[in-house]
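Colleague: Got a minute to go through this model with me? I'd like to start with one residue and work outward.

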Amino acid sequence: MSKEPIHERWMREALALAREAASADEVPVGAVVVCDGEVVGRGSNQTIGLIDPSAHAEMVAIRQAAAAVGNYRLAGCDLYVTLEPCVMCAGLLVNARIRSLIFGARDLRFGGVRSKFQLADSPLLNHRVEVVEGVLGEECTRLLRAFFQVRRDP
């Protein structure tokens, strides 16, 4: 086993998926669901390709994970994602009973976990997700900035 810290190991897998999304002209966000030390779900943004506004990386990864484990509840599973989830995805984390969310970069415009709302670990809800932020955050941010810079500078 690698000596690399475990959060960084899984975030690197999410970053690889984010790069795949970028190469498909999707916003570069990648996500992996890890249960018992094994990836059971992978996702990247596919909203354009699938013509589906809900096809965020988190949604794709969690759907795949639920199918893999045969349960819509993913208690004991952790989600690694390169960008702070939006409100839709934060609600999904609670409904899926994800144990912990580990994300790289904050989403200052739409973040549903820390930046705009604090949905995932809200004491108002029946399930609270443990939140860890900033894992490989600089690398996640650089990928997003580079993607959008190309679109702004024709």
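Colleague: Is Thr-82 buried or exposed?

Modeller: Keep in mind that this is a predicted model. Thr-82 is found in strand 3, residues 77–83. Buried means under 20% relative accessible area. Thr-82 has a relative accessible area of 2%, so Thr-82 counts as buried.

Colleague: Which residues does Thr-82 touch, leaving out those up to four places away in sequence?

Modeller: Contact here means heavy atoms within 4.5 Å. With residues up to four places away set aside, the list for Thr-82 includes Pro-28, Val-29, Gly-30, Gly-104, Ala-105 and Cys-140. The rest of the list is Met-11, Ala-14, Leu-15 and Ala-18.

Colleague: And what about Ser-44, buried or exposed?

Modeller: Ser-44 sits in strand 2, residues 38–44. Among the residues that Ser-44 touches are Leu-17, Ala-21, Val-29, Gly-30, His-56 and Val-60. The relative accessible area of Ser-44 is 11%, and the cut-off is under 20%, so the verdict for Ser-44 is buried.

Colleague: Zooming out, in what order do the elements run from the N terminus on?

Modeller: The protein has four helices and five strands. From the N terminus on, the order is α-β-β-α-β-α-β-β-α.

Colleague: What radius of gyration does the protein have, against what a compact globule would have?

Modeller: The C-alpha trace spans about 45 × 40 × 30 Å along its principal axes. With 154 residues, a compact globule would come out near 15 Å. The value for the protein agrees with that: 14 Å.

Colleague: What percentage of the contacts with a separation of 6 or more is between residues 24 or more positions apart?

Modeller: On burial, 48% of the 154 residues count as buried. As for contacts with a separation of 6 or more, the share from residues 24 or more positions apart is 54%.

Colleague: Now the space I care about: which helix gives the largest share of the lining of the largest pocket?

Modeller: The largest pocket holds about 710 Å³ of space. Of its 21 lining residues, the closest to the centre are Val-27, Leu-83, Asp-107, Leu-144 and Phe-148. Five residues of the lining, the largest share, come from residues 137–152, that is, helix 4.

Colleague: How many residues of that lining are charged?

Modeller: The lining of the largest pocket is a mix, with nine nonpolar residues and four polar ones. The charged residues in the lining number eight.

Notes
Residues numbered from 1 in each chain as written. Predicted model: local features only at pLDDT ≥ 70, side-chain atom pairs only at ≥ 80, totals over all residues. Heavy atoms only, no water. 1 Å grid on protein atoms, 1.4 Å probe; cavity = no way out; pocket = protein on both sides within 12 Å on 5 of 7 lines; lining within 4 Å. Points joined across faces, edges and corners; volume = space filled by probe spheres on them. Helix = DSSP H or I, 4+ residues; strand = E, 2+ residues; numbered from the N terminus. Nonpolar A, V, L, I, M, F, W, Y, C, P; charged D, E, K, R; others polar. Rg over C-alpha atoms; globule rule 2.2 N^0.38 Å. Buried < 20%, exposed > 50% of the residue type's maximum accessible area, 1.4 Å probe, protein only.
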